[in-house]
Every structure is written in C-alpha cells, then in structure tokens.
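Before turning to single residues, it helps to get an overview of the chain as a whole. The paragraphs below go from the overall layout to selected positions.

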Amino acid sequence: SPAGMVLSVLVILLLSVLYEAVKMGKAVLLRRALLALPRSLSQEALTEPQEGDGGPAQGSPSLMAFPISFRRWFWFHVGQTLFHVVQVVLGYMVMLAVMSYNAWIFLGAIAGSTLGYFV
C-alpha cells in the first residue's frame, strides 16, 4: 500500500540519519578518549625515592594521574565499543533494506545519510 511504502521510506530515512549521528558520536568520543590519555608519565613516578627523602607525597599528581586517566580512557573505550556495535547493526539494517532493490527505499537511505551528515 502507498501508506506502508511511505512509512518504510521514512523509517529507512530515520535509520540512516541515526547511523550518521552514531558515527559522529563515535568520532567525538574517540577525541575525548585521546585527550584523556596522559601525555607522558612523570619521571618522579618512575624513579625510586632517595634515602632520607620522604618520596613523592601520597596524593602527588604524578602518582595519581595515570590510574585516573587510564580509568577514564577505559570507560571511553567501552563507550566507543558500544557505539561501534550500534553503528554496525544500523548499517546492516540499512543495507538489508537497500538490498530489497526498491528505488524508493534506496532514495530514502541516500536522503537520510545526506541529512544525517548535514546535521
């Protein structure tokens, strides 16, 4: 029916927009994950304390920076993995719809991808 076809094209259009949004979200999350990585470990954290020296303080930023950064990076990586799974599933769903060889569905996928990239 015509109403069913219009609904199908709109659903594919929205799936394509969502696919592009997830792709962009994944890129933003990757950027944040890279910024969460420490630039370098402090030499203080790598050397042993001298005799008579109290060593670095317990709450020293050099000792505490790496574990916190690593935990942040780990959770960013988990988020990226979830984004990737959603992106792959959406991509396959759009691909299966396009493989129906229906020109309107194909145009809906192209329009949704274009709209999603633009927004």
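From the N terminus on, the elements of the protein chain follow the order α-α-α-α, and this arrangement belongs to a predicted model. The protein chain has four helices and zero strands. Among the contacts in the protein chain with a separation of 6 or more, 80% are between residues 24 or more positions apart. The protein chain has 119 residues, of which 20% count as buried, and its accessible surface comes to about 8,900 Å², with 71% of that surface belonging to carbon and sulfur atoms.

A good place to begin is helix α1, which covers residues 2-36 and so has 35 residues by the program's helix assignment. From its first C-alpha to its last, helix α1 reaches 51 Å, close to the 51 Å expected at 1.5 Å a residue. The UniProt record, in an unreviewed entry, places the feature "transmembrane region" at residues 6-22. In the model, the span of residues 6-22 is 100% helix and 0% strand, and its end C-alpha atoms lie 24 Å apart.

Which residues of α1 are buried? They are V9, I12, L15, S16, E20, V22, L29, A33 and A36. An α-helix has 3.6 residues a turn, so residues three or four places apart point the same way. With that in mind, the reader can follow three of these buried positions, L15, S16 and E20, one after another.

L15 lies in helix α1 and is buried, with a relative accessible area of 15%. Not counting residues up to four places away in sequence, L15 touches L90, M93 and V94. L15 can also be placed relative to G108, for the two are 93 residues apart in sequence, while their C-alpha atoms are 9.6 Å apart in space.

S16, also a residue of helix α1, counts as buried at 3% relative accessibility, because the cut-off for buried is under 20%. Leaving aside its neighbours within four places in sequence, S16 is in contact with V94, G108, A109, G112 and S113. With one of these residues, A109, there is a polar link as well, since the side chain of S16 reaches the backbone oxygen of A109 at 3.3 Å.

E20 is the third of the positions to follow, and it too lies in helix α1. What is the relative accessibility of E20, and does that make the residue buried or exposed? At 9% relative accessibility, E20 counts as buried. The side chain of E20 is joined to the side chain of K23 by a polar contact of 3.3 Å. Beyond residues up to four places away in sequence, E20 touches S113, G116 and Y117.

The view from the other side of some of these contacts is given by L90, which lies in helix α3, residues 61-98. L90 is buried, with a relative accessible area of 7%. Its contacts, leaving aside neighbours within four places in sequence, are with L15, L18, Y19 and V22. L90 and E20 are 70 residues apart along the chain, yet a distance of 9.6 Å separates their C-alpha atoms.

After helix α3, the chain passes through the loop between α3 and α4, and Y101 lies in this loop, with α4 taking up residues 103-118. Y101 has a positive phi of about 60 degrees although it is not a glycine. Is Y101 buried or exposed? At 67% relative accessibility, Y101 counts as exposed, because the cut-off for exposed is over 50%.

The last stop concerns aromatic rings. How many aromatic pairs does a search of the whole structure find? The search finds one aromatic pair. This pair is formed by F74 and W75 and is edge-to-face, with 5.3 Å from centre to centre and 75 degrees between the planes. F74 is partly exposed, with a relative accessible area of 39%, whereas W75 counts as exposed at 58% relative accessibility.

To draw the path together, the reader may look again at L15, S16 and E20 as buried residues of α1, at L90 as a buried residue with L15 among its contacts, and at Y101 as an exposed residue in the loop between α3 and α4.

Methods:
Residues numbered from 1 in each chain as written. Heavy atoms only, no water. Helix = DSSP H or I, 4+ residues; strand = E, 2+ residues; numbered from the N terminus. Buried < 20%, exposed > 50% of the residue type's maximum accessible area, 1.4 Å probe, protein only. Contact = heavy atoms within 4.5 Å. Areas by Shrake-Rupley, 256 points an atom, 1.4 Å probe, with all protein chains shown as cover. UniProt positions renumbered as here; feature names shortened; annotations may be inferred. Phe/Tyr/Trp six-rings, centres within 6.5 Å; stacked < 30°, edge-to-face > 60°. Expected span 1.5 Å × (residues − 1). Polar contact = N/O pair within 3.5 Å; in protein donor to acceptor, adjacent residues only side chain to side chain.
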